[in-house]
Structures are given as structure tokens and as C-alpha cells.
Amino acid sequence: MEILIISGLSGAGKSKAASFLEDMGFYIVDNMPAVMILKFAEFCAGGGGRYDRVALVYDVRTADSLDEFFDVLERLKAMNIACYLLFLEAEPEAIIQRYKETRRRHPLSKRTDSLEDAVRTEKEFMRPIRDRADVVIDTSNISTARLRQELLNRFGEAGERGVMTVNMISFGFKYGLPLEADLVLDVRFTPNPFYIEELRHQTGLDKAVSDYVFGFSQTWEFLERVENLLAFTLPLYAEEGKTGLVIAIGCTGGHHRSVAIAHALARRVQARGYPVTEIHRDMGRGDYH
């Protein structure tokens, strides 16, 4: 069982972090008092594996007694529970700007004379928690995508850390664009096997059709140029925190050219180390079979 306690400064990104961790399979509980954490841990331990990964948000709203919180941490470790403390922080100027943009009230606004005073008071109050944290992330100058990637690298399961899946889709323009596409490539400039009688009722996955499509120099040059483009852009997409990229390759009907080229490109992308899924959306449509 794994318990991750998310703490930190108000406005530093705890809610976003909790959302990202939920996408990674953590069961999220917000605003949990220290006195309830142990009881909740016992409940999860008896859940038959349903609550193996739990993330609890603990912040200034419930942090009345830090000594009690630290005692809970020690007792969790004594229970042989994998317990980690994540602390999110940001520079006061960044937090103040975020509160001004959202027009939300700081949790300590009723106890202090100004927003700046509230931010600095909270920073001092939460300092002992920061000092005990296993991981500290400063969100002052990072995007939400970078925050997500940082959490994925540190707390994602081994098979998903830093890995972006490429979804390759072939389609026919006559049936409309795939709505989920990030990149759309049009291969209708290549010679069409539809006009070859013996190829018309085959698909781009058949060797005869593939040989015809790649029997032209422009097809090979297109494939090489697209592969070079992806060699440059895929690492950048992954660096920005994207976990899945959908590449749609279209021809007129989605039976021949787009299928053959999508299949060839999928193999090249996979050879570069990216997990690839391959879907030929319109290959079975129409009267080609």
C-alpha cells in the first residue's frame, strides 16, 4: 500500500497535482485532518487492494497541530506503509499574482491584514512540513504540463513514467476528419491504387497495394520527411507532458494509400522507442470488399 500526502502553500498547485495523481490511479481525499489519517490508512489497508494507492491533501486549512501530523507520519512508517510527503511551493509574488487572477480568498485572509501578509504567514507556518518533505516542487515558473510530467516521473508506475503513446489512425476524407487527431497528414497526392482493377478490392495492408503505393519516389520521400519531423517533435511533445499523440493520415476513402503509409510510419515510430497503436478507421467501409 502506498500513501502520498500532498501538502504545501495555498496557490502553489495542490489541486492540480491531486487531479494529475488521480489520473495516474491514486484515490484522492482532500482536506483530511491529521487525526483521521491513521484511521483512513487502516480502512484502506483492509480494502482488498481497492485503495492500494492513496493521495491525501493536507494543508493549512487542517494543520492545527504540526506535532500531531508528524506523529502520524512516524506511525504510518511503523505500519510498514510506503508513505511519502510531497510539498508544493511557489514564490510569494507568484502566489499573489495567482490569487489576483482567480479572485479567490486566501485561507488565512481573515487572520491577516493583507494578501501578502497571509502568503508570508502561511509560508512560515508550513516551513516545518516543507523541511520534512520527501519531494519539494517549486511551481513558480513551470507550466501545468511540466508539473504533470514531474509527478509522472516521480510517482507514476514504472511502465508509464515519461512514456508517450503514439496513436496512428488512417482514415478517408470522404468520411470526415478524426475528431481526436493532433496532427493530420493528407496523402491524396500519391497515385491511387483504386484505379488499378486488381488492387481496388484489396487494402493498404495487402502486399500488392503496399508495393504499388511505395513504388513511387514521392511516397518514400514523404515518409522520410515525416519521420524526420516526428524525430524532432515527439520528444518535445513528451517533454511538455503529453502522454498520447494522435496522428491521422488520410486519403480519399481510407482503404489504400492512408492505410499503407500509416502502417509503415507506425513501424518507424515504434522503432524509435514509442509505444504505438494502429487503427484503420475506414478500411472496412464502402463497397471495396
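Is Trp220 buried, partly exposed or exposed? Trp220 is partly exposed, with a relative accessible area of 40%. The model is predicted. The structure holds zero disulfides. A search of the whole structure finds eleven aromatic pairs. There is one cavity of 30 Å³ or more, and the largest pocket holds about 550 Å³ of space.

**Aromatic pairs and cluster**

- The eleven aromatic pairs come from a search of the whole structure. One of them joins Tyr27 and Phe40, with ring centres 6.4 Å apart and planes at 20 degrees, so this pair is stacked.
- Tyr27 sits in strand β2 (residues 27-29) and Phe40 in helix α2 (residues 34-45), so their pair ties together parts that are 13 residues apart in sequence.
- Tyr27 is partly exposed, at 39% relative accessibility. Phe40 is buried, at 14%.
- Phe214 and Trp220 form another pair, with ring centres 4.9 Å apart and planes at 50 degrees, so that pair is tilted.
- Phe214 has 11% relative accessibility and counts as buried. Its partner Trp220, at 40%, is partly exposed.
- One aromatic cluster is made up of Tyr27, Phe40, Phe43 and Tyr51. The stacked pair of Tyr27 and Phe40 therefore belongs to this cluster.

**Charges over rings**

- Arg132 lies over the face of Phe70. The distance to the ring centre is 4.5 Å.
- Arg200 takes up such a place over the face of Phe194, at 4.6 Å from the ring centre.
- Arg132 also appears in the lining of the largest cavity.

**Cysteines**

- With zero disulfides in the structure, Cys44 is in none, and its nearest cysteine sulfur, that of Cys83, is 12 Å away.
- Why does Cys83 not bond to Cys44? The two sulfurs are 12 Å apart, which is too far for a bond. A disulfide needs the sulfur atoms to be within 2.5 Å.
- Cys44 counts as buried, at 1% relative accessibility. Cys83 is buried too, at 8%.
- Cys83 is one of the residues that line the largest cavity.

**Largest cavity**

- How many cavities of 30 Å³ or more does the structure hold? It holds one. The largest cavity has a volume of about 50 Å³.
- Its lining consists of Leu73, Lys77, Cys83, Tyr84, Leu85, Arg132 and Asp134.
- Two elements, α3 (66-78) and β4 (82-89), give two or more residues each to this lining.
- β4 supplies the largest share, three residues.
- By class, the cavity lining has four nonpolar, no polar and three charged residues.

**Largest pocket**

- The largest pocket contains about 550 Å³ of space. Its lining has 24 residues.
- Which residues lie nearest the centre of the largest pocket? They are Gly11, Ala12, Gly13, Lys14 and Arg104.
- Three helices, α1 (14-23), α4 (92-102) and α7 (144-155), each supply at least two residues of the pocket lining.
- α4 gives the most, with four residues.
- By class, the pocket lining has seven nonpolar, eight polar and nine charged residues.

**Backbone: positive phi outside glycine**

- Asn31 is not a glycine, yet it has a positive phi of about 60 degrees.
- Asn31 is placed in the loop between β2 and α2. Those two elements also hold the stacked partners, Tyr27 in β2 and Phe40 in α2.
- Asn31 has a relative accessible area of 32% and is partly exposed.
- Arg103 has a positive phi of about 60 degrees as well, and is not a glycine either.
- Where is Arg103 found? Arg103 is in the loop between α4 and α5 (115-125).
- At 78% relative accessibility, Arg103 counts as exposed.

Conventions
Residues are numbered from 1 along each chain as its sequence is written. This is a predicted model: local features need pLDDT of at least 70, side-chain atom pairs count only at pLDDT 80 or more; totals for chains, interfaces and linings use all residues. Side-chain values use heavy atoms; hydrogens and water are left out. Buried means under 20% relative accessible area, exposed over 50%, partly exposed in between (1.4 Å probe, protein chains only). Rings of Phe, Tyr and Trp (its six-membered ring) pair if their centres lie within 6.5 Å; planes under 30 degrees apart count as stacked, over 60 as edge-to-face and the rest as tilted. A charge sits over a ring if NZ of Lys or CZ of Arg is within 6 Å of the ring centre and within 35 degrees of the ring normal. On a 1 Å grid over the protein atoms alone, a cavity is a set of points where a 1.4 Å probe fits but cannot get out, and a pocket is an open set with protein on both sides within 12 Å along at least five of seven lines; lining residues have an atom within 4 Å of a point. Grid points are joined across faces, edges and corners, and a volume is the space filled by probe spheres set on the points. Ala, Val, Leu, Ile, Met, Phe, Trp, Tyr, Cys and Pro count as nonpolar, Asp, Glu, Lys and Arg as charged, and the others, Gly among them, as polar.
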